[in-house]
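Biologist: Could you take a close look at how one pair of helices packs in this model? I would be glad of the surroundings as well, in one connected account.

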Amino acid sequence: GVPGPEWTVGAQAVEVEFDPRTCTYELVTAVSVIDAGKVLNPKTAAGQVMGGMCMGLGLASREGFLYDDNGTVKNQQFRSYKLMRFGENPAYVVKFIETPKLDSPYGARSVGEHGIIGMPGALANSLSTAAQVNLNQLPLTPESIWRLKTEGDS
């Protein structure tokens with residue numbers, strides 16, 4: 001078939017402040033630049049992308065399941081499942097490039113979940129550079145970064 005109007009491209013980046021002593025980090029800025037075709041409502045589109053960026057950063061930085069030896073989920077409550085809280089969000093920057101989609105109504109493409117797609121990889125790349133270790137497994141917690149750094153030192 002013909003790809004639908006949701007097919008698009010973009011680029012994402014995350015700026016962090018990393019403490020190499022404690023392996024902790026703060027999300028400073030998250031950026032998404034997306035070709036959304038013709039943007040019909042810029043504020044709504046930017047809000048949609050920001051929501052996806054927040055979700056992607058949450059998945060990348062803290063959201064994960066813990067299992068016991070029998071494969072049972074240990075953190076099955078919001079009390080133990082870590083979500084991003086107010087004040088932990090970075091500054092979000094969203095920009096659009098407009099290349100109208102010729103076979104789509106008004107030339108628009110959907111921006112639906114495009115904000116989420118690159119955030120885990122962008123955060124992993126930023127932290128890998130800062131920590132000087134390859135980070136390839138989510139979530140990117142201070143403990144997991146510390147473990148990889150100490151394994152490399154031994």
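Modeller: With pleasure; here is a walk through one helix pair and what lies around it.

This is a predicted model, in which local features need pLDDT of at least 70 and side-chain atom pairs count only at pLDDT 80 or more, while totals for chains, interfaces and linings use all residues. Residues are numbered from 1 along each chain as its sequence is written, and side-chain values use heavy atoms, with hydrogens and water left out.

To set the scene, the chain has 4 helices and 3 strands (DSSP runs numbered from the N terminus: helices are H or I of at least four residues, strands are E of at least two). Their order along the sequence is β-β-α-β-α-α-α, and the C-alpha trace spans about 55 × 35 × 35 Å along its principal axes.

Now to the pair itself. Helix α1, residues 42-61, packs on helix α3, residues 119-131, at an angle of about 50°, and their axes are 8 Å apart (axes are lines fitted to C-alpha atoms, for helices over the stretch in contact, and angles run from 0 to 180 degrees between N-to-C directions). That makes α1 oblique to α3, a term for angles that are not under 35 degrees (roughly parallel), over 145 (roughly antiparallel) or 65 to 115 (roughly perpendicular). The crossing is right-handed, that is, the near helix is turned clockwise from the far one by less than a right angle.

On the α1 side, M53, G56, L57, A60 and S61 make the contact, and α3 brings M119, P120 and L123 (contact means heavy atoms within 4.5 Å). These residues divide into 6 nonpolar, 2 polar and no charged (Ala, Val, Leu, Ile, Met, Phe, Trp, Tyr, Cys and Pro count as nonpolar, Asp, Glu, Lys and Arg as charged, and the others, Gly among them, as polar).

M53 and L57 have another partner too: Y92 touches both, along with A30, M50, C54 and M84, leaving aside residues up to four places away in sequence. Y92 belongs to strand β3, residues 91-97.

S61 leads on to the largest pocket: with P139, L140, T141 and P142, S61 lies nearest the pocket's centre, among 30 lining residues. The lining divides into 11 nonpolar, 12 polar and 7 charged residues, and α4 gives the most to it, with 6 residues.

Note on methods
1 Å grid on protein atoms, 1.4 Å probe; cavity = no way out; pocket = protein on both sides within 12 Å on 5 of 7 lines; lining within 4 Å.
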